[in-house]
Amino acid sequence: MIDNNLPTVVIFGRTNVGKSTLFNCLLESKQALTADIDGTTRDANWNTLEWQGINFNLVDTGGIMEEKFLLGADKKSKADDIDLKVQLRAKNLLNLADIIVFLTDARAGILPGDKKLALALKKIISKKIPIILSANKADNPRLRRDAIEFNRLGLDEPLAISATNGSGTGDLLDKIVKKLPKKEKERKRPKKTLAAFLSEEETKKETINVAILGKPNVGKSSLVNALCGSERMIISAKAHTTREPQNIRLEHKDKIINFIDTAGISRKGQQTAKSTSGKNTLEKFSIKKSLDTIKNASVVLLMIDINKKLSHQESRLVEAIVERQNSLILVANKWDLIKIRDQKHYKQEIYAHLPFITWAPIHFISALNGSKVDKLYDFIAKAQAGRNTEINPNALDKFLKKLIKKHTPVKKKGTKRPHIYEFKQVDSAPPVFSVRIGAKDTISDAYLNFMSNRLRKKFGFYATPIKIYVERNKQIHGQHEESVKTQNES
Ligand code: GDP
């Protein structure tokens with residue numbers, strides 16, 4: 001947690017010098033990763049720290065630094081370039097620092113990247129902000145001696161440390177607290193506080209709410225463990241009534257992925273429930289409970305055990321998910337137990353069972369050994385983007401004309417082929433379309449399905465259900481007029 005009243009120390013340096021290792025070492029990683037803070041302001045990248053009775057904020061800039069970004073945005077870079085965003089963030093953090101720890105790699109020696117960053121740093125920050133130079137990875141006496149060469153950077157006397165074995169880190173902390181401004185008024189940094197900057201930054205990020213559903217024993221809690229154990233940082237864990245976090249928020253690229261109600265699916269959560277109620281609460285597969293969870297989710301990961309046949313309950317759950325218009329990714333788990341790994345065969349079998357969700361992708365993973373788990377992050381982001389897609393009316397008009405030319409619309413009943421007057425998108429997240437036909441026309445469900453399939457082919461809509469409403473022209477005194485009466489078909 002960041003405390004606005006405390007001074008801030010920022011760890012900075014080129015990539016691979018060991019910034020996050022040092023960050024964790026200084027915070028004694030265990031304490032940093034288990035500290036549970038109310039609300040949503042916990043990050044593996046920042047925390048408060050106490051040394052010799054003095055408290056301060058410690059922040060790791062992270063990411064890949066290039067001096068050109070510090071000196072001004074590269075004109076060729078787009079505003080949504082993730083690298084650029086990381087670097088602009090670092091620049092903002094440096095401007096909020098009371099002390100900067102400039103980290104280098106003693107094993108690599110001075111690299112051009114160090115020199116360029118040192119020069120850029122001197123240009124962008126106020127002269128009054130102390131820089132502490134530290135040479136990391138100095139794991140033996142020779143490396144510690146050679147660290148003196150970093151003097152040439154012209155920043156400070158280099159302090160040799162090893163973030164992996166902790167040597168020299170006590171001296172580094174001593175040096176930090178010695179240079180820290182003692183009183184609030186001595187602090188040099190601007191008005192805008194670090195906490196304000198960081199929380200503003202987090203609220204700007206898009207959050208994708210994801211529910212993980214499935215029958216008991218399909219591997220849901222194993223998946224949650226695998227997701228948390230991966231490299232990505234856990235930025236917050238909202239406190240739950242049990243000690244188990246209810247939502248797990250992970251940062252992936254420029255998005256926040258919020259796995260909701262994870263306490264309900266984890267073994268530990270279930271055990272806690274069991275011990276507090278005194279009853280045996282062996283998890284039951286409850287469609288109602290699953291539906292409660294997906295109320296707050298946009299994307300659903302439905303886990304199945306690929307070694308077992310799909311059950312009736314699972315089909316019912318899929319139907320309910322489709323009805324609620326969640327985006328859906330099927331996660332076929334325990335793939336490691338399959339001998340002949342023919343994905344095509346398994347996909348055919350699943351879609352034959354669930355012919356109404358051929359649009360939902362199926363991903364084969366092993367939650368136990370982590371195989372293909374990491375890919376789920378990108379699939380989730382892709383599903384959210386598909387859900388949010390809004391198609392330009394002109395593009396949709398063109399699409400319709402081409403479609404009608406190739407495949408004449410098919411009637412439902414009666415004799416007359418329907419005439420389509422208009423096709424428009426009326427909503428997104430999830431996407432809804434409306435097709436307007438003649439007052440006495442009908443249009444077949446097969447043709448509407450065909451339209452959704454073509455929409456998918458042309459515009460993506462990955463893992464997203466599409467709804468198409470039918471609207472009819474109203475006949476007044478023999479004339480056609482736009483109708484408000486709609487008929488719901490999907
Ligand atoms: P949940 O009830 O859906 O949360 O399922 P769990 O995650 O507790 O897993 C149930 C059992 O399946 C445990 O014994 C896991 O070790 C095992 N399991 C989970 N994922 C896999 C997997 O990918 N491969 C194999 N072989 N076993 C798995």
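1. The accessible surface of the protein chain amounts to about 25300 Å², and carbon and sulfur atoms account for 50% of that area. The model is a predicted one.

2. The protein chain contains 16 helices and 19 strands. Of its 490 residues, 49% are buried. When contacts between residues at least 6 apart in sequence are considered, 71% of them join residues at least 24 apart.

3. Helix α15 merits a closer look. The helix covers residues 393-406, and its end C-alpha atoms lie 20 Å apart; this agrees with the 20 Å that 14 residues should span at 1.5 Å a residue.

4. Which residues of α15 are buried? They are Leu396, Phe399, Leu400 and Leu403. These residues occupy an arc of only 100° around the axis, and therefore sit on the same side of α15. The spacing fits a general rule: an α-helix has 3.6 residues a turn, so residues three or four places apart point the same way.

5. The other side of α15 carries exposed residues, namely Asn394, Lys398, Lys401, Lys402 and Lys405. Leu396, Phe399, Leu400 and Leu403, by contrast, are buried.

6. What do the buried residues of α15 pack against? Their partners are the strands β14 (420-427) and β15 (432-437), together with the helix α16 (445-459).

7. The start of α15 shows a further detail: there, a side-chain oxygen of Asn392 comes to within 2.7 Å of the backbone nitrogen of Asn394. Asn394 is also one of the exposed residues of the helix.

Definitions and conventions. Residues numbered from 1 in each chain as written. Predicted model: local features only at pLDDT ≥ 70, side-chain atom pairs only at ≥ 80, totals over all residues. Heavy atoms only, no water. Helix = DSSP H or I, 4+ residues; strand = E, 2+ residues; numbered from the N terminus. Expected span 1.5 Å × (residues − 1). Buried < 20%, exposed > 50% of the residue type's maximum accessible area, 1.4 Å probe, protein only. Arc of directions from axis to C-beta. Contact = heavy atoms within 4.5 Å. Polar contact = N/O pair within 3.5 Å; in protein donor to acceptor, adjacent residues only side chain to side chain. Areas by Shrake-Rupley, 256 points an atom, 1.4 Å probe, with all protein chains shown as cover.
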